[in-house]
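Let's take a walk through this fold together, starting from one pair of residues and working outwards. Keep the 3D view open and follow along.

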Amino acid sequence: MEAATIERSDQAAALPREARVVVVGAGFSGLGMAIRLVQAGIDDFVVLERAQDVGGTWRDNTYPGCACDVPSHLYSFSFAMNPDWSRTFSGQAEIWDYLRRCADEHGVTERVCFGHEVLDASWDETERRWTVETSQGPVRAQFLVMGTGGLSEPSVPHLPGLEEFEGKVFHSAAWDHDHDLTGERVAVVGTGASSIQFVPQIQPKVSSLHLFQRTPPWVMPRPDRDVTALERRVYRRLPAAQRAMRAAIYAGREALVPMLMGNRTLGRIVAGRGQQHIRSQVPDPDLRRKVTPDYAVGCKRILISNDYYPALSQTNVEVVTEGMARVGPRSVIAADGTEREVDTIIFGTGFHVTDLPASAHVRGRDGT
């Protein structure tokens with residue numbers, strides 16, 4: 001993926017004074033909107049992107065093991081299917097490369113104003129126009145499309161003493177690849193979708209790993225495999241075959257909706273699969289108790305992994321369920337008062353999803 005290391009700032013569009021449509025964000029949603037505008041023959045638009053490249057969360061998240069938990073054939077644009085996915089569940093670099101390619105092939109890259117962070121957006125009822133203030137100046141628009149996404153602003157908990165910690169601290173969404181974890185004592189906070197991917201990757205390197213778990217997730221087996229050369233040839237020559245595969249995956253996912261609507265029979269079936277996954281991969285009864293959810297499957301995001309439980313079962317890993325109360329200069333202190341010396345703290349605590357920071361900067365009619 002050498003091409004994915006080249007920034008696109010040299011292809012940045014100039015910020016116009018006015019546009020019919022302003023799209024904020026150049027991730028999946030923003031690019032999808034821009035491509036559909038081009039296809040509809042609407043060329044009076046601009047995309048505002050605060051970074052120096054397209055890709056959104058797949059540009060920013062580069063932690064070890066970063067991959068999608070939605071099958072590749074579904075996790076892509078319906079109008080830009082990719083017959084050359086290398087795996088049934090794509091990795092970060094491959095998804096980012098796909099998005100960059102889509103932007104280039106559909107003539108959207110040159111419509112993006114890179115390095116333009118949106119600071120404020122307000123609706124003028126009299127003029128019936130949006131005024132969008134960016135870090136590089138203002139632009140007015142008839143339509144404003146927010147494509148900022150829910151996984152764009154990392155969430156870091158406020159822990160007493162964190163600012164005085166003398167070791168290394170970073171969030172999984174801003175992974176420090178220059179920091180060598182080999183032989184270190186590491187505290188990982190959070191057991192969500194990111195943590196279950198990077199924990200198995202760093203576990204063999206560190207001397208000790210203390211995983212602070214608030215709520216155990218339901219984890220199902222990950223049916224990931226290489227896509228064969230024959231399959232890729234078929235998809236290239238018969239796009240209808242890939243569309244059929246996409247439709248089948250979609251139908252399978254939709255079949256779980258009754259469970260989310262309260263179908264207890266289906267819920268018990270899915271929960272049984274998760275419990276069997278725990279029994280087959282976690283031999284220690286105490287650890288098994290810690291990682292077994294006590295809530296109905298589907299109440300939180302269902303995760304998929306084949307190596308998360310085996311990593312937790314290693315002798316250098318401890319699952320802490322008491323919660324982290326505060327941080328010392330070289331240690332973390334749990335809610336029960338126990339103290340653990342660590343060199344690095346990694347937050348796998350997700351993002352501001354229900355409280356998107358961008359929402360506070362967008363005001364519509366009557367300043368709402």
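Start with K168: its bridge partner in β16 is T344. Bear in mind as you look around that this is a predicted model. The K168 pairing belongs to a longer stretch, since β7 and β16 (residues 344-347) run parallel to each other over 4 bridges. Further along, H171 has F347 as its bridge partner in β16.

Now look at the other side of the story for T344. This residue is also the bridge partner of V186. Here too the pairing is parallel, with 4 bridges between β8 and β16. If you want the general picture, strands of a sheet pair through backbone hydrogen bonds, either parallel or antiparallel.

Zoom out and you'll find that these strands belong to an open sheet of 5 strands, in the order β7-β16-β8-β9-β12, with parallel pairing. Which strands stand at the edges? They're β7 (168-171) and β12 (317-320), and because each has a single partner strand, one side of each is left without a neighbour in the sheet. From one strand to the next, the twist averages 15°.

Back to β16 for a moment, this time for its side chains. T344 and I346 point one way, I345 and F347 point the other way, and all of them are buried. That fits the textbook pattern: in a regular strand the side chains alternate between the two faces of the sheet.

So what packs on this sheet? Helix α4 (residues 195-202) does, touching β8 (185-189), β9 (208-212) and β16. The direction of α4 makes about 170° with that of β8. Is α4 mostly covered or mostly open? Mostly covered: 7 of its 8 residues are buried. Those are S195, I196, Q197, F198, V199, P200 and I202. Their packing partners are β8, β9 and β16, along with β11 (303-304) and α10 (308-312).

There's another sheet to find. It is open, has 3 strands in the order β13-β14-β15, and its pairing is antiparallel. β13 (324-327) and β15 (339-341) are the edge strands, each pairing on one side only. Ignoring direction, neighbouring strands here are turned by 25° against each other on average. For a closer look, pick β13 and β14 (residues 331-334), which run antiparallel and are joined by 3 bridges. Within this region, V327 stands opposite V332 in β14.

Next, head over to helix α3 (residues 92-105), where you'll find Q92. Is Q92 buried or exposed? It has a relative accessible area of 12%, so Q92 counts as buried, the cut-off being under 20%. Leaving out residues up to four places away in sequence, Q92 touches W58, R59, N61, T62, C66 and A67.

Finish on the outside. L230, V234 and L238 make a nonpolar surface patch of about 270 Å². One of the three, L238, sits in the loop between α5 (229-237) and α6 (239-254). Why does L238 count as exposed? Because its relative accessibility is 52%, and exposed means over 50%. Set beside Q92, then, you have one residue that is buried and another, L238, that is exposed.

Definitions and conventions:
Residues numbered from 1 in each chain as written. Predicted model: local features only at pLDDT ≥ 70, side-chain atom pairs only at ≥ 80, totals over all residues. Heavy atoms only, no water. Pairing = 2+ DSSP bridges. Helix = DSSP H or I, 4+ residues; strand = E, 2+ residues; numbered from the N terminus. Axes fitted to C-alpha atoms, helices over the stretch in contact; angles between N-to-C directions. Contact = heavy atoms within 4.5 Å. Patch = residues over 30% accessible without salt bridge, like charges linked within 9 Å, V, L, I, M, F, W, Y side chains within 5 Å. Areas by Shrake-Rupley, 256 points an atom, 1.4 Å probe, with all protein chains shown as cover. Salt bridge = Lys/Arg side-chain N within 4 Å of Asp/Glu carboxyl O. Buried < 20%, exposed > 50% of the residue type's maximum accessible area, 1.4 Å probe, protein only.
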